[in-house]
Number of protein chains: 4
Amino acid sequence: METIRLLAGHPAFTLHHIYASKSAGKGFADAYPAFSGVFEKQMLPMEALDEDDADAMVLALPHGHSMAVVQKLVDRGYTGRIVDLGSDFRLKNTAEYEQYYGQEHAAPHLIPGFVYGLSEWFTADIKQAAHLANPGCFATAIQLALLPLVHDHLLDTVSITAITGSSGSGATASDTTHFSTRFGNMKAYKIFGHQHEGEIYQSIRSLSVWSGRLHFTPVSGPFVRGIWAAINVKLTRPADLQPVFEQAYALKPFVRVTKTAPELKHVIGSNFTDIGWKQQDLDAVIVVAMDNLVKGAAGQAVQNLNLMFGLDETAGLLTPPLVL
Amino acid sequence: METIRLLAGHPAFTLHHIYASKSAGKGFADAYPAFSGVFEKQMLPMEALDEDDADAMVLALPHGHSMAVVQKLVDRGYTGRIVDLGSDFRLKNTAEYEQYYGQEHAAPHLIPGFVYGLSEWFTADIKQAAHLANPGCFATAIQLALLPLVHDHLLDTVSITAITGSSGSGATASDTTHFSTRFGNMKAYKIFGHQHEGEIYQSIRSLSVWSGRLHFTPVSGPFVRGIWAAINVKLTRPADLQPVFEQAYALKPFVRVTKTAPELKHVIGSNFTDIGWKQQDLDAVIVVAMDNLVKGAAGQAVQNLNLMFGLDETAGLLTPPLVL
Amino acid sequence: METIRLLAGHPAFTLHHIYASKSAGKGFADAYPAFSGVFEKQMLPMEALDEDDADAMVLALPHGHSMAVVQKLVDRGYTGRIVDLGSDFRLKNTAEYEQYYGQEHAAPHLIPGFVYGLSEWFTADIKQAAHLANPGCFATAIQLALLPLVHDHLLDTVSITAITGSSGSGATASDTTHFSTRFGNMKAYKIFGHQHEGEIYQSIRSLSVWSGRLHFTPVSGPFVRGIWAAINVKLTRPADLQPVFEQAYALKPFVRVTKTAPELKHVIGSNFTDIGWKQQDLDAVIVVAMDNLVKGAAGQAVQNLNLMFGLDETAGLLTPPLVL
Amino acid sequence: METIRLLAGHPAFTLHHIYASKSAGKGFADAYPAFSGVFEKQMLPMEALDEDDADAMVLALPHGHSMAVVQKLVDRGYTGRIVDLGSDFRLKNTAEYEQYYGQEHAAPHLIPGFVYGLSEWFTADIKQAAHLANPGCFATAIQLALLPLVHDHLLDTVSITAITGSSGSGATASDTTHFSTRFGNMKAYKIFGHQHEGEIYQSIRSLSVWSGRLHFTPVSGPFVRGIWAAINVKLTRPADLQPVFEQAYALKPFVRVTKTAPELKHVIGSNFTDIGWKQQDLDAVIVVAMDNLVKGAAGQAVQNLNLMFGLDETAGLLTPPLVL
């Protein structure tokens with residue numbers, strides 16, 4: 001839904017077809033009445049994908065389902081771009097895939113064809129990519145905060161408390177997304193064991209040598225949209241973080257270096273990631289705010305598509321946040 | 001859970017046993033960790049109910065399940081009081097039961113044994129009751145606002161907009177209780193067709209002759225606890241509502257006649273129902289605020305138990321609301 | 001802020017200057033960090049308005065402050081369009097202005113120059129307007145639901161329960177906007193006495209003869225954005241409302257006639273007003289959902305500017321809602 | 001208000017008089033309608049305090065106002081117990097008071113008479129105390145999580161992310177408590193500089209020698225009640241934290257050692273503090289959940305009064321949480 005929200009108004013891309021399994025045959029606005037008058041195309045069955053020759057495809061499938069779809073597309077000779085919002089092709093190492101996702105990878109030969117799509121850090125590769133694995137939401141927020149320190153060999157130890165909205169848990173009703181249990185509540189889960197750690201370690205390794213451990217506490221928060229994280233770091237040496245972040249993101253329109261710790265509401269509905277911090281000798285807390293559905297998913301996918309097609313990175317994405 | 005919350009601190013009743021189906025064998029505080037240190041008894045299987053000789057039993061079962069349990073209790077000669085929180089025995093007329101619940105009543109012979117437990121209006125009958133059908137949450141709020149007018153033959157026409165918290169939908173996760181769809185949202189459902197209308201009409205008929213129609217719009221609101229309703233009425237004749245409500249509830253400790261339209265937060269966690277109104281010639285809007293889980297369910301059940309056992313009506317129930 | 005959010009991405013209008021009193025001299029994104037990277041112009045002092053020759057001006061001032069500003073603009077011969085978001089020029093009748101706002105009107109001679117900007121109903125006048133009074137938020141939602149019935153002489157009696165988000169109360173902190181008192185709360189205010197009734201009566205009179213009374217209960221709800229209303233009406237004669245609403249809004253892109261009662265979240269962030277209803281003989285409840293800051297304020301202002309400048313009514317406004 | 005909520009149902013204490021400045025002369029339930037029918041005493045002017053000979057007084061005054069009141073009570077020979085909810089007498093060292101509160105202490109000679117009231121750690125002193133300084137909310141949650149480690153010389157480094165509800169900011173409306181800015185938002189403030197650090201360091205010093213630094217990030221969360229904190233620690237040596245916490249709190253009824261990381265809603269409305277954790281070699285994250293108005297303020301005050309008067313520590317405080 002969020003990808004369609006962003007592409008519906010995109011100046012260069014046209015939403016050609018939407019494929020669905022359960023909702024195939026329905027009008028999109030019948031399934032999602034909020035889109036009535038905005039986007040009303042009929043959804044096609046997944047099988048019809050076999051004949052689609054669109055310039056690009058965005059996959060928004062449950063975990064583990066992208067592998068088979070990509071395999072079929074490759075088998076029938078589809079040569080357009082593929083952007084996968086899921087986690088199937090983010091990790092290069094199949095052993096790590098098994099470690100983090102608890103199952104064997106079904107299509108390891110396809111992995112090398114995928115570029116990891118953290119737009120600000122792997123821009124050159126993304127521009128050349130045919131297949132792209134869009135990063136996880138927590139992974140995006142945490143990497144954007146940490147990689148400048150990693151890049152400058154400033155990161156010693158780190159612990160992360162990151163709070164996510166309920167939209168990160170998908171549309172299926174469950175105990176953890178029940179309004180009665182989530183409203184006014186805070187609940188940590190998968191402490192020291194969240195699967196997004198894998199892609200963060202992988203990016204860190206690609207930039208530097210760091211033998212530390214992420215100590216990551218994911219938290220379910222009482223809001224729908226957004227990820228807000230407080231990241232406590234110890235630096236390897238005294239350093240002012242201002243130039244570190246400014247240099248890292250000087251040419252990156254979607255990362256905003258803020259004067260004070262950023263508020264979550266300032267990025268909601270937008271593709272911005274806001275980063276601010278407070279230092280005290282070798283210690284610092286870096287605060288990050290990001291919309292999990294935009295920069296943490298569909299927005300970064302569109303940003304990557306922009307890069308892959310040689311468009312301005314910001315095309316269709318510079319709408320202001322919905323602060324209120 | 002709410003019945004146990006209220007009975008755990010009751011001065012006269014002792015929580016003897018808890019019976020459960022799925023959670024049988026577990027400690028109550030294992031299933032509900034919030035009760036650790038407060039109430040930790042092991043839950044017994046439903047079958048063990050056969051030998052329980054408690055002075056009273058409170059049934060909190062899914063719709064349609066009380067009938068069989070009551071039948072078994074009666075069959076084996078259980079002579080204690082029974083309070084049913086469900087809807088199985090609220091309607092005296094089986095044809096109406098079928099109309100409102102869309103199924104035949106499985107134990108019509110047990111219905112006459114039940115007293116309808118709207119504490120403030122059927123007090124004398126409740127005091128004598130062996131079996132009691134606790135009213136529905138919407139039905140309690142609406143009746144407490146309307147019956148004084150009905151009693152005084154003041155009610156001409158009425159339309160009701162009543163907003164309920166998510167706790168009224170039970171603990172099972174569903175689309176309508178998903179945090180992502182309910183947060184910041186308002187959604188009407190079952191307009192002109194909510195099953196609680198049946199018990200309201202039944203009480204109205206017991207007090208007076210009124211040939212009007214309730215026009216009831218139930219609404220899912222973005223909060224967990226409470227029912228708040230705005231009830232628009234046209235009066236049959238000019239009348240100051242102040243003495244009408246004051247006389248109706250002068251001796252009723254749990255209905256508070258407020259000076260201005262009551263706020264929902266002022267009753268949360270308590271057994272109070274607050275009623276205020278604004279009049280203009282023959283028109284009036286009556287505003288009601290009530291905790292759906294307390295006066296709308298478990299609290300009224302305890303209040304009825306107090307009445308049934310000759311205790312002070314307020315025993316164990318005069319805790320202040322959790323305003324903040 | 002909302003006007004700027006909508007104009008920042010408008011295809012035909014360019015945001016020329018922003019004038020402010022307290023924040024004059026500051027960059028817009030310094031005052032509102034969420035707009036960093038999107039809109040960063042420096043705000044000018046109100047005095048500098050004297051030399052502005054923009055094609056149009058949008059006034060977003062506290063109640064009662066537009067009169068003097070318009071007077072000054074007229075005095076110095078400004079000939080561009082003026083759209084006033086405030087309430088100073090909505091009522092044609094100064095006696096009614098005094099009745100609803102409790103003060104004398106300071107510039108009655110300017111009133112006739114203003115067109116009342118309910119886009120869907122006074123389109124022809126709006127297209128010709130030099131000065132436009134943008135409707136109130138409650139007034140917009142209620143009129144869009146009622147005027148089709150008024151137009152077809154179908155409205156007999158009506159009572160309205162309308163819940164608004166906290167953004168309708170402005171940015172100044174007060175008891176009614178304190179998070180601790182509003183969270184999880186519902187609170188009615190100004191029952192039968194809200195100032196928006198004046199403009200609703202005025203529009204009704206312009207379409208038909210109706211001697212009834214609006215019975216309007218405004219309510220503060222526990223959300224930031226949006227107005228949701230349940231409107232109970234009695235019809236003057238049996239009539240299917242489907243063709244009534246469909247004919248009224250067939251050519252109106254921002255009013256969506258929905259199949260079931262609309263949900264608030266389906267319009268948030270968008271300029272849509274969704275209207276659905278349920279009928280039973282002569283009675284009906286009409287449910288309306290609208291974003292108070294968009295169609296209820298800044299969005300309707302942009303829609304009116306589009307009409308005033310001969311643009312497509314939807315220019316810059318067809319972004320999908322932020323459902324989640 | 002919260003103190004009165006808890007004392008209204010206390011089995012041993014009787015609420016004698018309430019003194020107020022602005023609201024003097026009003027009935028308590030007129031000022032706080034939620035208490036109608038529960039507690040309705042008239043509030044007396046602060047001056048009348050001069051003649052009060054109650055066995056104990058609880059002061060709930062704005063920061064800096066307790067000093068003068070205590071001085072007056074001492075001067076006129078009041079010999080009852082005093083419990084101060086404010087921060088005036090928490091710090092023993094006046095230099096630290098000035099450092100954390102930015103002003104000179106006006107009554108340093110009174111400080112030695114006050115016992116710091118963290119009930120679980122300074123129980124013996126509290127039982128003997130005539131004057132008691134009730135701990136701050138953040139300080140209570142953080143100390144209950146850290147002191148067991150400090151006591152066992154297990155604490156090496158620590159960083160704290162603690163989220164508080166809006167009720168911690170008091171009743172006065174301000175930008176940070178505006179519903180529109182706080183709803184769905186997360187906002188850090190006073191990073192590395194919160195005034196509660198002082199009392200935490202003071203308690204740590206009283207138990208052990210630790211030369212580390214608290215790295216404390218306080219956060220405003222989108223809920224009214226509660227403090228939830230994730231505390232990342234590095235241990236000085238390998239150790240299982242289970243016996244550490246169990247021994248520390250075996251005899252402490254209001255600290256519950258939980259099997260998994262505790263949820264905020266499980267303590268709301270109650271005097272419980274729930275503590276759980278996850279370890280990985282020398283690293284651990286300790287999660288704490290507490291109601292800021294109960295154990296973080298009024299509840300701990302009542303608990304301390306129970307101790308001071310030789311009552312059971314739990315008297316009047318064992319009500320279950322309002323989980324929903």
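**Figure 1. A salt bridge links chain A and chain D.** In this predicted model, the side chains of A:K187 and D:E263 come together as a salt bridge, with 3.6 Å from N to O. How many salt bridges does the rule find across the interface of chain D and chain A? The rule finds 4 of them. Polar contacts add to the picture: 17 residue pairs make one across the interface of chain D and chain A, both partners having pLDDT 80 or more.

**Figure 2. Here is the side of chain D that touches chain A.** Several elements of chain D each supply at least two residues to this side, among them the strands β7 (155–164), β9 (214–220) and β10 (227–235). The helix α7 (179–182) is also one of these elements. Which element gives the most? That is β13(D), with 4 residues. Sorted by character, the residues on this side of chain D fall into 18 nonpolar, 11 polar and 7 charged.

**Figure 3. Now look at the area buried between chain D and chain A.** Each partner brings residues to the contact: 36 residues come from chain D and 36 residues from chain A. Together the two chains bury about 3,300 Å², and 59% of that lies on carbon and sulfur atoms. Which three residues supply more than any other three of the area that chain D buries against chain A? They are D:M186, D:F192 and D:Q280, which supply 18% of it.

**Figure 4. Chain D can be turned onto chain A.** A rotation of 180 degrees, with 0.0 Å of shift along its axis, superposes chain D on chain A, and the RMSD is 0.0 Å. Why can we say that these copies meet through the same surface? The reason is that 100% of the interface residues of chain D are also interface residues in chain A.

**Figure 5. Chain D can also be laid on chain C.** The RMSD is 0.0 Å after a turn of 180 degrees and a shift of 0.0 Å along the axis. The two copies are therefore related as by a two-fold rotation axis. Which residue of chain D comes closest to the rotation axis? It is D:F179, whose C-alpha lies at 2.1 Å. Chain D and chain C meet through the same surface, because 100% of the interface residues of chain D are also interface residues in chain C.

Definitions and conventions: Residues are numbered from 1 along each chain as its sequence is written. Chains are lettered from A and ligands numbered from 1 in the order in which they are written. This is a predicted model: local features need pLDDT of at least 70, side-chain atom pairs count only at pLDDT 80 or more; totals for chains, interfaces and linings use all residues. Side-chain values use heavy atoms; hydrogens and water are left out. Copies are superposed by least squares on the C-alpha atoms of residues with pLDDT of at least 70 in both. Contact means heavy atoms within 4.5 Å. Buried area is the accessible area (1.4 Å probe) that two parts lose on being put together, summed over both. A polar contact is a pair of N or O atoms within 3.5 Å; within protein, one must be able to donate a hydrogen and the other to accept it, and residues adjacent in sequence count only if both atoms are side-chain atoms. Ala, Val, Leu, Ile, Met, Phe, Trp, Tyr, Cys and Pro count as nonpolar, Asp, Glu, Lys and Arg as charged, and the others, Gly among them, as polar.
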